[in-house]
Amino acid sequence: MSNEMITVALTVNGQPMSAQAEPRMLLADFIRHRLRLTGTHVGCAHGACGACTVQVEGEPARSCLMFAVQADGCAIETVESLADDDSLSPLQEEFRNHHALQCGFCTPGMLMSAHALLSRKRDPSEAEIRREIAGNLCRCTGYNNIVKAIQATARRLQADPELKP
Amino acid sequence: MSHTKHPAIQGRYVGTAVPRREDERLLRGLGRYLDDLPEPGGLFYLGFLRSPHAHARIQSIGLDAALAASGVHAIYTGAMLAQWTSPMATPVGAQAQLLRHNMAIDRVRYVGEPVAVVVASSPYLVEDALELIEVDYEALPATISIDQALQADSPRLYDDLPGNVVFEARHAVPGTDAAFEQAAHRFSDTFSSSRLCGVAMETRGFVASFDKGQGKLTLWSTAHLPHKERWEVAQALGLQEKNVRIISPDVGGSFGLKTVTHPEVVVGAAIARHLGRPVKWQQDRPEDLALMHGRDFQFHVEIAIDDQGVLIGVRHNPVVNLGAYPLWVTTAGLDAAGAGHHMMGPYKVPYYAYCARSVVTNTAPTASYRGVAAPICAFAMESLLERAADSLGLDPIEIRRRNLIRREDLPYTNAVGVTHDTASNIECLDRALELSSYLDFRAQQSGQPGEDGKFRGMAIACMADHTGQGTSVTRARGQASRWPGYDGALVKIEPDGKASVHLSLASQGQGHATVFAQMAADQLGLRIEDVTVEASDTASVPFGTGAGASRGAVAGGGAVIKACTRVADKMKRIAATLLEVSPEDIILSEGTASVNGVAEMSVSIEKIAQTAYMIGPSNMPQGESIGLDAMEFYDPPSSSYSMACHAAQVAVDPATGLVTVERYYVVHDCGRVLNPQIVDGQIAGAVVQGIGAVLMEAARYSDEGQPIATTLLDYPIPTAMDVPEIVIEHIETPSTVTLGGMKGAGESGAVGVVPALILAVSDALSASRPRITTMPLTPSRMLEIMGLDPVTGQGLPQTPVGVDR
Amino acid sequence: MKMESEHVIPASRARVWEALNDIEVLRQAIPGCEGVERLEDGALKARVKIKVGPVSATFTGRLSFKDMDEPNGYTLHFEGQGGVAGHARGQATVRLHATGSDVTTLAYVAHAQIGGRLAQVGARLIEGVAAKTSGLFFDAFVGIVSAEQSQTAA
């Protein structure tokens, strides 16, 4: 296996960034340990739990199933992109209002999956929401408060066409 | 001994759904879980080579190729580690001790036991080097199941022990056997759980750093019980407890599995000390699924009942599979003794006897998983009561009514000597029946195929959980030592008038930073924004037991009440002096001390604090000490019973065997509800873990002792697609014995869900009256129960319908 | 894990027996085999590279022959270790029946126990891989034996 370092240049949360990576380095490890954005979590490293979900070119993707070099040139959004300095995003606010997190470890991935859904569709049905987050495992909440938080965000999005999730 | 009176907790925050104060940073991705912490300079990463054999002798370990690999700094074997650490010793019986070395030396006893540890400069290079270590094993015959372990001629795990039974506790109310002989009816069966994995979303891990100059060890660890881990690591390394500091940062769930100190943390601490360099280890998910197990039980239970359906007695022989080593230093009987303690649940049982045992097997060591023994106790009792009702021609609800402890029975002291403080069992049952329309459903739909071809069923489960146990109970259960039973709080108001609460309980997601801030803010008269809760660093928090066994709100809450009361009383005395009134007339609220009824006479808490620290112009009252803080401990009395009635509706698809949970209700009584949103979150989360336990989860072993569910594809847990709405209501019967009236709420969801779901499945198949005694009820298992071949879907003529194998 | 199969080989029983005991034939026929040598006690030491799903490893193993019953068959005991990938051990009973002058039916029943990552990660894949590997072995084995047969005939 080649240990030769490759420069990976990409846009993360709107900022151009670049860092060195071995060819085998996972995108999740690259984001967390090279770029020091530790909001993205690794729960299983085999693509089953969804904690490491980020958006690659607007689509949710598991950063433990991608190599960093595959993301070269891509635009990536992580959980750190959702809030601004002053306030949480509507989706984050509704997660807090609905007690949609307990230990919080799965939350960044859950938010990124839900955000991708709401960016694509502002009025998803409950069944669509459940299907969309079925690949994000949570062991604490039992999911219903997460579903309610996403529904509440959807209601706000429908009431205000300018609002972003 | 203070003579302070503790007012009933009340105020602006307690009892309301204050949004969680920890959420904003977690939602922003600013949580600090172990792997998110900035890494110290000079850090090495560890990885463990683990036994691929369930039972084997180590013949040789070849390290040369691995030592030569890129980035490898050192590799240590169990023999090397044994020079630096002492083994964990668990008493077995009166004389013997069972020793667990921190890594295997000459013999491995389960798949996954550490054999060597690689120290390298990156986690990737650690994995490379692990591939290059060559170990020769001589395989030995293995003992895997409880049944095998109980056989006298099964392979023994320990040459110096007489067998594989390492814990036995007996208890009998005199006359129990005679009462059974004379009883009109007896019903018995053997109920088992499947071995479960906790699947906390964050796996465990640590960073260990040793300061050679000061001889001090700092461990950032996912420890659920930091003070216990501090002691265990100090013991193993021969350090003084004060020189070991455990910091548990944000911890991504535990559910009991992180309460134990596993050998890796001791190994890491020893290597950090040896090398003088920090080391880090994070378990990967396959390791987690192969190693972090609990609830491997087989309970034989018998009930005796009179002609009226009234319980005469319960006898049982619970057996717990500990795996290869006990994980609690002081006992091999945590779950087994728990079964002895919990089997009676919410029922009046005059005659009672048990013989509880723990066995060792060549499987991963097990820890207590949410609910400990109680879920399978409730499964057994509720199942046998329904069978008795069926046999006597009684309604299944009526037989429960005839046996539940009622308010008028209080104080009721049960057969193991624990007194029930409250008993809203009947009220919970009645409300659950009403809320769930149970009676209408049973009359119209039970066991009938619906238009979609599915069979539907519904069931009720009553449970009572002995929560918030103090030292008197832990001592009686033989698990004292480093699980003492009390907890501590240090409450400090700084000179700027803002408060911090330092708690002996670490949180793994339960919302401590919110709930205990609510309590402190109300008692200190501060805005909640001005109160923080610190609970993660043994260097700064009082000694205590820690969260677990549904005790946080009771023990931690009591300590917060006591400490805040002292600080509030001092503030009132200072304010009274400043305002020239009596302390009894002072009210603390919104950051201000004011005179009752004369709101314009007031002084800010900031000014009171400056007075207390003597940094303002005002003087303290005569005789007051400097500062504004108090540390208090609260040792709960023996008994505060939470209770609940669960109601579940399921659908069984006869074509696929798939069980769907369609409706779920919990009527719950945990006394004073501090934050309804957080309590409901605890209950709902526990119910969904129970859906997993009953319908899908099993940490299976092959006959040779190979764990065969080590990915989340082989060990599925519930997803958002698998859960119905969970309707939760509360009946608030404050405990008559705990400070503040709180009772525990962390586990009762996990206890009631097992019998509720399984009996609902039985009800759905009521035409064939299946007696279900095992889980999980996977689709293939359901087809077997329905007498269908899981592969072809055809009938299995040889399978007697209604008999569970 | 139990495997059972029958193969019809276009060669005489004596020739099949000989080939089954010829380490060069085995080396060529065993998929992924990197080397076979005969030990002093008559057992074989083999290095075999295998891949089961995400797990690939080089196994070093020992094969010993029991119950030699020339030319009717033998029992093969095997035990191999592949580092963190795991280990395998078991036995295979091989029987040869002459179903014609130049046709032999080889029947075997194998029992294997596997452990380590191979068993954990590969549990769902291992039977398929084992069947495929066994198929590849016999394809190659038949190829070698029948090629020799036709050479001899020529």
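How far apart are the mean positions of the positive and negative charges of chain B? In this predicted model, the 64 positive and the 89 negative charges of chain B have mean positions 4 Å apart. For chain A, the corresponding separation is 8 Å, taken over 16 positive and 19 negative charges.

Chain B is built from 21 helices and 33 strands. Its C-alpha atoms occupy a box of roughly 90 × 70 × 55 Å along the principal axes. The radius of gyration of chain B is 28 Å, and a compact globule of 805 residues would have a value near 28 Å, so the two agree. Burial can be given for the whole chain: 64% of the 805 residues of chain B count as buried. Contacts in chain B can be sorted by sequence separation. Of those between residues at least 6 apart in sequence, 78% join residues at least 24 apart. The surface that chain B exposes comes to about 27200 Å², and carbon and sulfur atoms supply 49% of that area.

Chain A has five helices and five strands. Read from the N terminus, the order of its elements is β-β-α-β-β-β-α-α-α-α. With a radius of gyration of 16 Å, close to the 15 Å that the globule rule gives for 165 residues, chain A is as compact as a globular protein of that length. The box filled by its C-alpha atoms is roughly 50 × 35 × 25 Å along the principal axes. Of the 165 residues of chain A, 57% count as buried. Among contacts in chain A with a separation of 6 or more, residues 24 or more positions apart account for 56%. Chain A has an accessible surface of about 6400 Å², and 47% of this belongs to carbon and sulfur atoms.

The cysteines remain. How many disulfides does a search of the whole structure find? The search finds zero over all chains. A disulfide here requires two cysteine sulfur atoms within 2.5 Å. In chain A, the cysteine sulfur closest to that of Cys140(A) belongs to Cys103(A), and at 3.8 Å it is too far for a bond. Cys140(A) counts as buried because its relative accessibility is 5%, and the cut-off for buried is under 20%. In chain B, the sulfur of Cys377(B) has its closest cysteine sulfur in Cys355(B), 14 Å away, which is also too far for a bond. Cys377(B) has 1% relative accessibility and therefore counts as buried.

Conventions
Residues numbered from 1 in each chain as written. Chains lettered and ligands numbered in written order. Predicted model: local features only at pLDDT ≥ 70, side-chain atom pairs only at ≥ 80, totals over all residues. Heavy atoms only, no water. Helix = DSSP H or I, 4+ residues; strand = E, 2+ residues; numbered from the N terminus. Rg over C-alpha atoms; globule rule 2.2 N^0.38 Å. Buried < 20%, exposed > 50% of the residue type's maximum accessible area, 1.4 Å probe, protein only. Contact = heavy atoms within 4.5 Å. Areas by Shrake-Rupley, 256 points an atom, 1.4 Å probe, with all protein chains shown as cover. Lys, Arg positive; Asp, Glu negative; His and termini not counted. Charge placed at Lys NZ, Arg CZ, Asp CG, Glu CD.
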